[in-house]
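Here are my notes on this model, as numbered points. Please read them with the structure open.

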Amino acid sequence: AAMVKCSLVAKADDLATEKVRVAAAAVGVELAVQRPGAGGGAVPELHLGGRVVRYTNAILRCLGRIFEDGDMYGSSFIQTNQVDAWLDWAEAELGSAEAPNAAEAVEKLEKHLEAKTYLVGQRMTLADIAVSCS
């Protein structure tokens, strides 16, 4: 299968850009990162042909749903919702450089992973990418 090509308009050194780059590589999408124009770039944008998806978690969900034949976005309805919860958790708990409760969040994460390798299910998902890049 041919690799799908997309472009991401975002700041190259941004945490959101790193999450999207890792997810794109995991699902087999060739991603070109373009710097935003003047006044732009506060929100990452994924360009797929004539369509645009904005915001990091929406972009991750898009990549997981559209471009991967496997279970990157979970293998069931429940797992998909668990992935969504981890994406939101990573954004809320670890999404800023000054995450006020980072130590507590890492404790919760370690406890969740005590008997597991992956956050959801038995293989890597978008949840693992979002949390590990945060």
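Which residue is the bridge partner of Leu8 in β2? The first point takes this up.

1. **A parallel pair.** The model is predicted, so read every value here as computed from a prediction. In β2, Val33 is the bridge partner of Leu8. The strands concerned, β1 and β2, pair in the parallel sense, and 6 bridges join them. Together with α1, these two strands make a β-α-β unit, and the unit is right-handed.

2. **Leu8 on its other side.** Leu8 also has a bridge partner in β3, namely Leu46. Here the sense is antiparallel: β1 and β3 pair that way over 3 bridges.

3. **The hairpin side of the sheet.** Strand β3 covers residues 45-48 and pairs with β4 over 4 bridges, in the antiparallel sense. One bridge joins Leu48 to its partner in β4, Arg51.

4. **The whole sheet.** Put these pairs together and the order is β2-β1-β3-β4, an open sheet of 4 strands with mixed pairing. The edges are β2 (29-34) and β4 (51-54); each has a single partner strand, so one side of each lacks a neighbour in the sheet. From one strand to the next the twist averages 25 degrees. As a reminder, strands of a sheet pair through backbone hydrogen bonds, either parallel or antiparallel.

5. **Helices on the sheet.** Helix α1 (residues 15-27) lies across β1 (4-9) and β2, and runs at about 155 degrees to β2. Helix α2 (residues 56-66) packs on the sheet too, where it touches β1, β2, β3 and β4. The direction of α2 makes about 125 degrees with that of β4.

6. **Chain layout.** How many helices and strands does the protein chain have? There are 5 helices and 4 strands. Along the sequence they follow the pattern β-α-β-β-β-α-α-α-α.

7. **The core.** The largest nonpolar core has 34 residues. Leu46, Leu63, Trp86, Trp89 and Leu126 have the most contacts inside it. Two or more residues come from each of β1, α1, β2, β3, α2, α3 (77-94), α4 (102-112) and α5 (126-132). The largest share is that of α3, with 6 residues. In soluble globular proteins, nonpolar side chains tend to be buried together.

8. **Leu46 up close.** Leaving aside neighbours within four places in sequence, what does Leu46 contact? The list is Cys6, Ser7, Leu8, Leu31, Arg51, Val52, Val53, Ile59, Cys62 and Leu63. Leu8 thus appears both here and as the bridge partner of Leu46.

9. **Trp86 up close.** Trp86 sits in helix α3. Is Trp86 buried or exposed? The relative accessible area is 13%, and the cut-off for buried is under 20%, so Trp86 counts as buried. Beyond residues up to four places away in sequence, Trp86 touches Leu109, His112, Leu119, Val120, Ala127 and Val131. Take Val120: 34 residues from Trp86 in sequence, with 8.8 Å from C-alpha to C-alpha.

10. **Overall dimensions.** The radius of gyration is 15 Å; a compact globule of 134 residues would come near 14 Å, so the two agree. The C-alpha trace spans about 40 × 40 × 20 Å along its principal axes. Of the 134 residues, 41% are buried. Among contacts with a separation of 6 or more, 65% join residues 24 or more positions apart.

Technical notes:
Residues numbered from 1 in each chain as written. Predicted model: local features only at pLDDT ≥ 70, side-chain atom pairs only at ≥ 80, totals over all residues. Heavy atoms only, no water. Pairing = 2+ DSSP bridges. Axes fitted to C-alpha atoms, helices over the stretch in contact; angles between N-to-C directions. Contact = heavy atoms within 4.5 Å. Right-handed = clockwise from strand over helix to strand, strands pointing away. Core = buried A, V, L, I, M, F, W, Y, C linked by side-chain atoms within 4.5 Å. Buried < 20%, exposed > 50% of the residue type's maximum accessible area, 1.4 Å probe, protein only. Rg over C-alpha atoms; globule rule 2.2 N^0.38 Å.
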